[in-house]
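Me: I want to test the labels used for this structure against their cut-offs. Take me through them one at a time.

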There are 2 protein chains.
Amino acid sequence: HSQRQQEALKYAHQPATTLDGKRIEIAANLGGPAEAKAALEYGAEGVGLLRTEFLFLNRDAAPDEEEQTAVYREIMQGMGQHPVVARTLDIGGDKPASYLQLPVEMNPFLGIRGLRLTLMLPELFQTQLRALLRAGAGHHLKIMFPMVTSCEEIHQARYYIEQARADLSARSIEAATYCEIGIMVEVPAAALIADRLAEVVDFFSIGTNDLAQYTLAADRTNTSVTGLADALHPAVLRLIQMVIEAARPHHRWVGICGELAGDTLATPVLLGLGLDELSMNALAIPLVKQAIRRYTSVEARSIATHALALDSAAEVHAYLQQQAR
Amino acid sequence: HSQRQQEALKYAHQPATTLDGKRIEIAANLGGPAEAKAALEYGAEGVGLLRTEFLFLNRDAAPDEEEQTAVYREIMQGMGQHPVVARTLDIGGDKPASYLQLPVEMNPFLGIRGLRLTLMLPELFQTQLRALLRAGAGHHLKIMFPMVTSCEEIHQARYYIEQARADLSARSIEAATYCEIGIMVEVPAAALIADRLAEVVDFFSIGTNDLAQYTLAADRTNTSVTGLADALHPAVLRLIQMVIEAARPHHRWVGICGELAGDTLATPVLLGLGLDELSMNALAIPLVKQAIRRYTSVEARSIATHALALDSAAEVHAYLQQQAR
Ligand SMILES: [Mg+2]
Ligand SMILES: [Mg+2]
């Protein structure tokens, strides 16, 4: 296996294309500026998910615009002209950010979190948006919202981006001139109305961990049910398919930034479903790129079609084990 | 409005048929034996959801087979030859049943509950199944499992029903000779793979409260997000549509036993989606029957088609207000 890893590392900086030449963009998930260098070393072509929570946790007050700008800029500079998808603060009642004074909730995973929270805290939200737009100037920034369930939430979020832009412009501060606006698809509702959402966003990034958790009503941090929250469950695969089919007529790109993206067992089914981008832990990139190079689009499509019709996550796992190359 | 109620009560015992003669079965949700009489008085044609939790809560030990049999029998007798859909114990870590020694969970709504729990407690499960089968002898019993997400769970549950039957037979105790086995569709996964589940169940009853809660990742008991968990969200309506389309080729009936069934605002859209049965709080039955009588199937279908294409629950509400008769 370590030989496979060695071989994969050799080609880590080559693009990931199927045997018939279809290219998949491969990006890294980042949890902080220190990880940008490794991402590039392992062959990332960009950042598919910049988690911004690290800046907000375990402290007494939220970081101000200057502090955030400096950190985001360090990351943008580290990635040069590669695209960076920054997710706005994705936090909820289960996270240690006491200064937000979040209510105690019986089911925090079904509570105020992600975009729901930041829409309730406009000052916090706009500060982050201004910092992102500042750091994005001269780079390839995309902004992504977590936990979206309706078009209305996107209209509201876009309004705050415009406000942030207007603010910076009034202060004569340089900001990213254009940036794509996208959403995480991690609540089943977003996948189910992806055709409506496709009219108001530029891209979709599927968060398969949360999507599996909600689709199967199984807390992925609860060891008693964690086996149920399986992103290879046919129901989750069907939601992914729905998003891709809804995005295509609108020419929106669709990626995955959940753990599934970095799991080579899932590679043929994800190729077959037609994903444009896979974003993962940097360490997984070389092997996933190699896995992509082992299939034709037609083979992958046939594998996906078969998997979609199976009865359970266990059957999908067994089937993909058989198909692994 | 009270005049409408008076008028509706007059026709409460007539069947509910659309203007073009399509009949919808109207049933009551029951929380205990005392409610059977009122159900029939308000025009219920059966029980679409018998919640069995009342027998298990706030006590020191689970009820034994004899106690359960007596209570279920009282209900079956109260309903005569009308069908009664009994849901097996639907309990989880958030409910007061200390004798079950359930683990404390961070997100009990995403934890061990419903069928997940009873499959882990075979003795408890089989005791209830034996009691139900005994009470069902000579009546029209159907058994329904909550929180299903895969075919495998149904195979396991069916195995326990066979065990319960064999047990009773060995003891020469009379049991229901045949009963339909169905599932609640309340976890998004069940709706998404309804075509697979349709091969192994006899009916589907959609629990729109939980289905909305999971589809929108919004705890319906959390006042901060309760507005989000709206069963009229287009995503939930699309899941209902998926279940009906998956059930039809297998000739399985599909009902709703969530609050949506008793909401006359929703009646035309539910008719249009093609539901076979609506089960609700008995008090709502007369008005829902009257509402059904005001639409043709074609009108209802056109209303449903329109609602399915809207952007948000708010838009669906506004649209249905316009269409109300
Ligand atoms: Mg998430
Ligand atoms: Mg339920």
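Reply: Buried means under 20% relative accessible area, exposed means over 50%, and partly exposed lies in between. The model is predicted.

Me: Why is B:R23 called partly exposed?

Reply: B:R23 has 49% relative accessibility. Partly exposed covers the range between under 20% and over 50%, so B:R23 counts as partly exposed.

Me: What makes B:R23 and B:E45 a salt bridge?

Reply: Their closest N and O atoms are 3.5 Å apart. The cut-off is within 4 Å, from a Lys or Arg side-chain nitrogen to an Asp or Glu carboxyl oxygen. The pair B:E45 and B:R23 therefore qualifies as a salt bridge. B:E45 sits in the loop between α2 (36-41) and β3 (47-51) of chain B, and B:R23 in strand β2 (residues 23-30), so the bridge ties together parts 22 residues apart in sequence.

Me: Is B:E45 buried or exposed, and how do you know?

Reply: Its relative accessible area is 13%. Buried means under 20%, so B:E45 is buried.

Me: How do you know that B:E7 and B:K10 form a salt bridge?

Reply: The closest N and O atoms of B:E7 and B:K10 are 3.8 Å apart. The limit is within 4 Å, so the pair counts as a salt bridge. Both residues lie in helix α1 (residues 2-10) of chain B, three residues apart, about one turn of the helix.

Me: Why do B:E7 and B:K10 get their exposure labels?

Reply: B:E7 has 35% relative accessibility, so B:E7 is partly exposed. B:K10 has 59%. Exposed means over 50%, so B:K10 counts as exposed.

Me: What about B:R196 and B:E199?

Reply: This pair also forms a salt bridge, with its closest N and O atoms 3.7 Å apart. B:E199 is at 46% relative accessibility and therefore partly exposed.

Me: Where is there a network of salt bridges?

Reply: In chain A, salt bridges link A:E65, A:E66, A:R130, A:R134, A:D167 and A:R171. Over all chains, the structure holds 38 salt bridges.

Me: What makes B:E186 and B:D210 donors of the magnesium ion (ligand 2)?

Reply: They coordinate the ion through OE of B:E186 and OD of B:D210, at 2.1 Å. Donors are N, O and S atoms within 2.8 Å of the metal here, so both qualify. B:E186 is in the loop between β6 (180-185) and α7 (188-192) of chain B, while B:D210 is in helix α9 (residues 208-215), 24 residues apart.

Me: Why are these two donors, B:E186 and B:D210, called buried?

Reply: B:E186 has 1% relative accessibility, and B:D210 has 7%. Both values are under 20%, so both residues are buried.

Me: Which protein donors does the magnesium ion (ligand 1) have?

Reply: They are A:E186 (OE) and A:D210 (OD), 2.0 to 2.1 Å from the ion. A:E186 lies in the loop between β6 and α7 of chain A, and A:D210 in helix α9. A:E186 and A:D210 are buried.

Me: Why is helix α12 of chain A called largely enclosed?

Reply: Eight of its eight residues (285-292) are buried, so the rest of the structure largely encloses it. Among the elements covering α12(A) are α1 (2-10), β2 (23-30) and α11 (267-273) of chain A.

Me: What makes the phi of A:M147 worth a remark?

Reply: Most residues other than glycine have a negative phi. A:M147 is not a glycine, yet its phi is positive, about 65°. It lies in the loop between β5 (140-145) and α6 of chain A. A:M147 has a relative accessible area of 0%, so A:M147 is buried.

Me: How do you know that A:R238 and B:D195 meet in a salt bridge?

Reply: Their side chains come to 2.7 Å, N to O. That is within 4 Å, so the pair meets the definition. Between chain A and chain B the count is four salt bridges.

Me: How much area do chain A and chain B bury between them?

Reply: They bury about 3400 Å², 60% of it on carbon and sulfur atoms. The contact takes 44 residues from chain A and 44 residues from chain B.

How values were computed
Residues numbered from 1 in each chain as written. Chains lettered and ligands numbered in written order. Predicted model: local features only at pLDDT ≥ 70, side-chain atom pairs only at ≥ 80, totals over all residues. Heavy atoms only, no water. Donors = N, O, S within 2.8 Å, 3.2 Å for Na, K, Ca; no water. Helix = DSSP H or I, 4+ residues; strand = E, 2+ residues; numbered from the N terminus. Buried < 20%, exposed > 50% of the residue type's maximum accessible area, 1.4 Å probe, protein only. Contact = heavy atoms within 4.5 Å. Buried area = accessible area lost by both parts, 1.4 Å probe.
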